[in-house]
Structures are given as structure tokens and as C-alpha cells.
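Hello,

Here is the structure we talked about. Please have it open while you read the notes below it.

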Amino acid sequence: MTTIITKTTARIVVPIILVLAISLLLQGHNLPGGGFIGGVLTTVAFGLVYVAYGLDYLDVGVLGREVEPGTGVFEHRTVTAFQRLFVVGLAVVIGSGFGALAFDEPFLSQTFTIVEHVPIYHEIELATALVFDVGVYLVVVGVLLTILSVVGAE
Amino acid sequence: MPPELSIVAGAVALPFAAAGVTPVVYRLVGDRTGYLGAVVALACFGLLGSQLGTRGVVSSSWVPSLDVSLRFYVDGWALLFALLASGIGALIFTYSARYMHEERNLARFYATMLAFMGSILGVALAADLIVVFLFWELTSLCSFVLIGHYTDERASQYAARMAMIVTVGGGLFLLAGLLLLSVAAGTVLDGSTFDLAAMLADADAVQAALREEGLFVPVLLSMGVAAGAKSAQVPLHFWLPNAMVAPTPVSAFLHSATMVKVGVYFVGRLRPLLGSPEWTLLFATVGLLTMTAGAMLAVVATDLKELLAYSTASHLGLMVAGFGFESVYGGEAGAFHLLNHALFKAPLFLVAGIVAHEVGTRRLDGLSGLWRDLPVTAVIAAITGLSMAGIPPFSGFYSKELLFEATYEAAHAAGGLTWLYPALAVFASVFTVLYSLRFLAIFVGDQPDAIASVPRPSASLVVPPGVLALATAVVSVSPQFAVDVIVQQAVDSTAAGTPEVHVGLPDHLSPPVAMSAVAIVGGVATYPAIDRIRAGTEEIVRARALRPCWWYDKLLMGVEETSPRLGDWIHNGLLRTYVTWSFVAASALVLSGYAATGEVMPATGEAAVTAAMALVLVVAVVAAVAVVIAPSHVAGVLSLSILGFMVAIFYILASAPDLALTQLVVETLVLLIFLLVIEQLPAFYADVNRWVIARDVGVSLFVGATAFLTVILSSPAASGDPTAIARYYATEAVPEAGGTNVVNVILVDFRAFDTLGELFVITVAGLSVLVLITMRNRGETK
């Protein structure tokens, strides 16, 4: 799979996919999209990098770190990062739920506010649901990438 | 005077809190943790003692949407039981501190004992059916841990599992009974209610409602099984003697004084609610049979603790039988004997513990003449043992006299076969006298040479049973005093009216007095022939079919033997087998659900299918067929993708952009994963059997048809109005949640809790994949 064609395509396509995924996540409240869709799309982007360049690429090629040769997939720094990601995601989701309790509302209550007179956008809607959605996004990305990398390493 | 919520709730919560800190305390003070338990138990005793004389319900809301609350009902009966548990608890903890000296796993032991005491107080005081069930099961759970204290020993494992299966199995009956009760009560008291206190306040109406709905007998039977399992009634008594592998303090506390009485306690609690001729038939019969069987088995017993265990079952039978009779005397017998039995049986167990601890054996045959070396212990044993036998003027006599009175009254009123009740009671009492004398015989006579010198037990071993023996002596000398302090109040709570309890030594010959005389004289007169009686009784009770233990073993072994055979069918390690079974089972369940509710006719309506949709669907069907007949994996995967993308296009045409987007990205991801693994798949599997193909086709058609039917049935008619909830989501999305994408608003706002659950599912799936792959080289090899 690591042909020149795949690599070149991935190089061009992956940034576009990532931007699209983020925008889907952020606009989810009002337009088609949301945490789940954004998360799966992000996974697709990383999966493409993975297929084209291999698991070490994120470490070596992007972050410029050394990877010890011969580490198993479970000890791999990228994979542990993925695992940490979905734990963080769960924490964000549950934390956002408990946030409501502080205001004497039931668990997981959401609210929103509209900020006006913002330059360029004129008005921005800030919804607490976005925090929840970001948590969803993190869990989906973390779990899918963990599965993808571990299964792929087999 | 109403009780105080903070005090009652505090008394229940305190042991649990103490259980939480026990591991830390143990690390600091070691063996002396037992004294902490004693202090906690004493504190509970004090808190509850301050409520003596109060009566009423206190509650604090717990799950308001289900009408479940932490509701406590305080009355004489609850207080009697709770005070017994905490008072005896304090003594047992003191005893344990010395007895369990240098044992292992003490932090777990004390924590579980404390949690157990909290659960018992919870059962005694709870007045909400859900809370009752919760604490009831907690006592079973703690009992399981404590019976299995010696985790390495097979006997402990066996006994702990047996106790768990029997008592928790009984707990399931309790759950069923309580739910039925709440359903019936809901029709009388307004709405569905779990409020036991309200039911008791309106007992007649609730019973009438139960009968009207035909639920009376099912409720009665479920409660009977639950109480019988917990309180070791025939034929579910067999777990109790096995539970004696637990350390002696556990036997004394759980398996004589408190946990096994939970069933009796609950029978007493429900007596005003369910009292009826059927009630008498069930509980009086079961109780008297248990009383007889327990007493006979106790005579046969060869081990001190085994004797006491069977005797406990026998006395529990006495209490259950007492509550079974509807007459005033029945309730008095049950309530008074609950007190007396706790006061004499717990010290007897502790005495057995002292003997085992100091002499080193519990075998009845090898022991005699212990009074020389253990004089104080012998006095304690004499007082409590004679009380157990029911010899006047010891406390057991008064309560047994009340039972005789109840059986006689019942037989006198009904005549016929009911004369068996007093006959059985007397017969069992003869055996009770026999085994009590057998127990006491270890202290008299000559000391055998095998027991050279017996060390003096330390004070903290002797004082706790001493205190209880003193209490027994007080009740013996002045039974009316005990009645005035608490028993009268307890009887009031378990009876419909307000009967006056009078106890004391008889001053004239009445039928019950004659019955007592026959029992005592019979027991004492036949004692010299006890060896022959033992041999004869052994013949009867050793018969295989009469031993529930044998049936239990058979049942368990049967299950153990059958499951691996089923395993070859259902759990053979092949993914396709699992898929087949789960899909077929799920579909069958769904279809039977439709059949049961009669929802088999789909809603009629015009399906709005446009030409474009039809075209997309046709392509999808063609792709589906192509997947099956694809010659290579690549072709198969690509065909599958075509199918997926067609579905996505269908969503777009049906104006569901979110679904379409999801479908597209998931489809892409699946394709990517296939690309990853495709090179690893074998190109050729094997020639498949025709039958397997036929079966797979059948399963696919079945599952497909079920899914199709479900979609047809569950989707609203295209022409109809949207449902109320759909309208709510559509209209409230913008004002309530500030989002115009209804799908997303439902996911993250209106039904965020569902999404949270799904996230857990995703996480668990991810962890499972990790575990499966990590473990694949460590698993079983076949």
C-alpha cells in the first residue's frame, strides 16, 4: 500500500480531511455534522497516514522524535497516546455532565448563550453541548485509532 | 412520638462508614480493630436505644422519579431486631478481637462484619420495598464473604457458594414478591408505591386488592420461599450447617443471632398484611416441620457447631410457626422467642468457640468433664443450654409455652388434621431437650485422658457470652420485665390488634403446661437411650432422597455437566457460530414480542418512493448479491462499499443529511480497514457443506425478514402526523438548545445520557479489542 501514489494522495488529502472534520465538529449544532461524524472522519485521515507511511511516521516524520526500533504495538508511544485520548474524552463528557450539577440542574443539562458584536462573525453561539460533543469526538477518535493501530499491527 | 431521621439514618450509615475506613485502621492498630467494631456497634445500639418508644415513618427522597426513598419505619418490632443485632454485634466484635487473633485477612473480615451489621440494621428499619431488597441482598453478600473467610479451603468455597446460591436465589423470589406487592398496592394507595409503611397502615385494603388481582397466593409463596431460604426452613435448611465452616464469631453473629432471623423478621413484618388461612397453612406447617427436622438432625450431629446449627434451624422453625398462627399467642411466641433465641444461641456458639479454641476439638464424642477446667464457661453453657431446652424457669420455656398455646388453640378451633400441629411441636421439643442435654454433657462427668490440661480462656473470650447469659438469666427470672421493655411493642407491630402479653410460670394445669411437661419428661427420660435414638434417627435422615444437600449437589453437577455439552454448540470459538446464534435468538425474541402484543399487521399507507430512490435501491440489491458471489476478496469488499454508498445516497434522497454523512464516513473507514487486512486473509477457505450454505441462507432470510418487519412496524405511516415526541424535538430544538440541527441537538442535549451510554459501549469495545489481541497468545489451547 505504500506506493508513491498513495503517499502523494495522502499528503494532499489528509490536511483537507482534518480541516473538514474539525469544521464538521464545530458546526454540528446547527448544520449537518457533530462529534461522531467528525471523529470518524479524523480517524479516516489518520488511518490514511498510517496506511501510507506506517505507524512510526507520526513520531518520526511529524514530531521529529526518535522511535526505538522493536517496541511492540502496545508500548508504542502513538498507541498509548490514542488510549489516553479516549480516557480524556470520557472524562470530558462526564465532567461536562457534572458541570450542570454545580448550577443545581440535573446531570448532563445543557444550555447556550449568544455572544453578539464579535468582529467578522457578528454573533457567535456558545453552547455547553459543544464541550460534550468534543468529548464524544475524543472518545471516537481514541477508540477507533486504538483499534485500527492494534489490528493493523497484527 | 415520631422517630428522628438523622439518628435512624445515622445508625444505619455508621457501620458502612466504619467498614470503609477499616483497612486503614487495621494497618494502624492491627488485631485491635475488633474493638473499633465493638465501639461502632455500641454507638448504633445507643442511637437506636434512644428511639425506644417512638413509632412512625421518617424518609428522605432518593429516586423521586420512581417514588423510591430512603424510608425508615421505626416501631417495636424493628427496634427489637435492630437492638439485638447491634447489641450482640458489640459483644461479638469484642470476642473476635481475641478469637481471631493472628488470623489472616482481618481487614476484610472486620470490614465485612461491619458492612453486614449496617445491612441488618437497614433491613430491620427500612420501609421501602426497594431499600428492603437492597439491604436483604447485602446481608447475603456479606454472609458469602464471611463464610468463605478461609479462601483457600475447599470446604469454605463449597459452603460459601451454597449459601450464596440458596440465599440469593431466595432473594430473587423476594424481588418478585415485592414487585407484585407494589403493583397490587398501587391500585389501592394512589399510584405505584414501594411504601411498606403505607401498606401496613392499610393492610386490609391491600390484601383485598391482592386477592382481587389473583396475586395473593403468588406473593405469599414468593415471600415464603424468600424467608425460608434466608431463615433455613425445610427444605432449604441445608446451607446453614455447611455455613459453619466460617469462623465462630461469624457463626454466632450471622448464622444464629441475626442474618438467619431476617426471614423470620420479615415474616413477622408481613403478618398483619398477609395474615389469612393460607398464611397459616404455609408458615405453620413449614415452621413446625423445620422445628422437627432441625431438632432430629441436631440429635444426630457429631460436631458442636453442627449441633448448634441444626438447633438454630429448629428454633427458627419455631418462630416461623409462631408467626404462622393467627392467634395472639402465635405472634407473642415468634417475637418473644426471637429475643430469647438470640440471647441464648449466640453465647452457646461462643462457648463452642471457646471449647474449640482451648481444647482444640469440636467433636462431641471426645469431650466430657470440661467443667473442671472451664467453670465459668460451664455456668454460661448451663444457663443458656437449659434455656434452649425450654426447661422452666429458663427464658426459652416461656416462649415455647406460647407456641404450645398457639398450636393448641389452632387445633382446638379447627380440629381434624390440625391436631398434628401440637403433636409435632411436642415431638420436636422432646428432641430439643435431648440435644440440649447432649450439648451440656460435654461439661459433666469425667475428663478423658486425651484432654490433658485445658488452658484458661482469656477474659475477652468469656465476658461476651457471659453478658448474654446474664441477659438470659434476667429474662428467665423476670420475663414480664422483658415484655414491658420491648417485646410488647414488638408484638403490637406484628399483630393486627393490640394484644396484651402476659408471661410467667404457670400456676394451674392447662393443655400447654401438660405439653411442656410431656416434652421435658419425655426428653429427660429417654436421654439414657440417646445412642439408640441417634442410631435410629440417623437411619431416617441419612436416606438419600430426604437429604436436600444431595439434591443440591446433583443439580449443580448436572448444570456443570450440561454446560460444556451446550458449549460445543454455542461457544465453539468460531465467530460465525456466535453471529448465527445471537442473530437468530434476537430475531426470534423480537418476533415473539410482536406475536405476544398482536402487532403483526403493518400500518397501511402509501410509501413515497421516487424513481431516483428506486434506482438507488436496485443498485444496492445488485451490489448485495455481488458481495455473496464475488470471486475474490477485493471484488467482495468493493461490492460491499457500493452497497454502503448506495444506502448513503438513499439517505440524501430521503433528506437525512446527518445520517448520510455518518454512513459515508463509516463506509470510508470500513473500506480503509479492509485495505489494511485484506492481504492477510486467506484466498481460499474450504469447500463448504451444502447444509451449511442452506442454514446460512435460512438464517439470513430470517434475520432480514425480521428487520424488514421491524422497520415497517416501527416507522409511522408516511402520510400521518409526526408523533408528539418528534414534534417536541422539532419545535423545541432552537428555543431550548439553541441548535438548528435537530439530530445533533437530540444527541448532545435532549438525550445526552443515551449518548454517554453509547460512548461507554464504544470504549468497552475498544478495550475488548485490546484485551483480545493482547491475550490471544495466553488463552486456553484446545
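In this predicted model, 42 residues of chain B touch 45 residues of chain A. The area buried between the two chains is about 3,700 Å². Carbon and sulfur atoms give 78% of that area. The rule finds zero salt bridges across the interface of chain B and chain A. Polar contacts are there, though: eight residue pairs, with both residues at pLDDT 80 or more.

Which elements of chain B give two or more residues to the side that touches chain A? They are α27 (657-677), α29 (724-737), α30 (742-750) and α31 (752-775). The largest share comes from α31(B), with 14 residues. By class, this side of chain B has 26 nonpolar, eleven polar and five charged residues.

Next, the salt bridges. The structure holds eleven over all chains. Three pairs in chain B and one network are worth a look on your screen.

- Asp152(B) and Arg104(B): the closest N and O atoms are 3.6 Å apart. Asp152(B) lies in the loop between α5 (129-147) and α6 (154-188) of chain B, and Arg104(B) in the loop between α3 (76-99) and α4 (106-125), so the pair ties together parts that are 48 residues apart in sequence. Both residues are exposed.

- Asp303(B) and Arg362(B): their side chains meet in a salt bridge, at 3.3 Å from N to O. This pair also links distant parts of the chain, 59 residues apart. Asp303(B) sits in the loop between α13 (277-300) and α14 (304-324) of chain B. Arg362(B) is in the loop between α15 (328-359) and α16 (375-389) of chain B. Is Asp303(B) buried or exposed? Its relative accessible area is 18%, under the 20% cut-off, so Asp303(B) counts as buried. Arg362(B) has 27%, so this residue counts as partly exposed.

- Asp696(B) and Arg695(B): the closest N and O atoms of this salt bridge are 3.3 Å apart. Asp696(B) is partly exposed, at 33% relative accessibility. Arg695(B) is partly exposed too, at 41%.

- The network: salt bridges that share partners join Arg71(B), Asp128(B) and Asp195(B).

Now the aromatic rings. A search of the whole structure finds 24 aromatic pairs over all chains. One of them is formed by Tyr158(B) and Tyr552(B). What is the geometry of this aromatic pair? The pair is edge-to-face, with 6.3 Å from centre to centre and 80° between the planes. Tyr158(B) lies in helix α6 of chain B and Tyr552(B) in helix α23 (residues 548-570) of chain B, so the pair ties together parts that are 394 residues apart in sequence. The two tyrosines differ in exposure: Tyr158(B) is partly exposed, with a relative accessible area of 29%, whereas Tyr552(B) is buried at 8%.

There is also a ring cluster to find. Ring pairs link Trp77(B), Phe81(B), Tyr265(B) and Phe323(B).

For a quick tour, start at α31(B), which gives 14 residues to the side of chain B that touches chain A. Then go to Asp303(B) and Arg362(B) for their salt bridge. Finish at Tyr158(B) and Tyr552(B) for the edge-to-face pair.

Best wishes

Definitions and conventions:
Residues numbered from 1 in each chain as written. Chains lettered and ligands numbered in written order. Predicted model: local features only at pLDDT ≥ 70, side-chain atom pairs only at ≥ 80, totals over all residues. Heavy atoms only, no water. Contact = heavy atoms within 4.5 Å. Buried area = accessible area lost by both parts, 1.4 Å probe. Salt bridge = Lys/Arg side-chain N within 4 Å of Asp/Glu carboxyl O. Polar contact = N/O pair within 3.5 Å; in protein donor to acceptor, adjacent residues only side chain to side chain. Helix = DSSP H or I, 4+ residues; strand = E, 2+ residues; numbered from the N terminus. Nonpolar A, V, L, I, M, F, W, Y, C, P; charged D, E, K, R; others polar. Buried < 20%, exposed > 50% of the residue type's maximum accessible area, 1.4 Å probe, protein only. Phe/Tyr/Trp six-rings, centres within 6.5 Å; stacked < 30°, edge-to-face > 60°.
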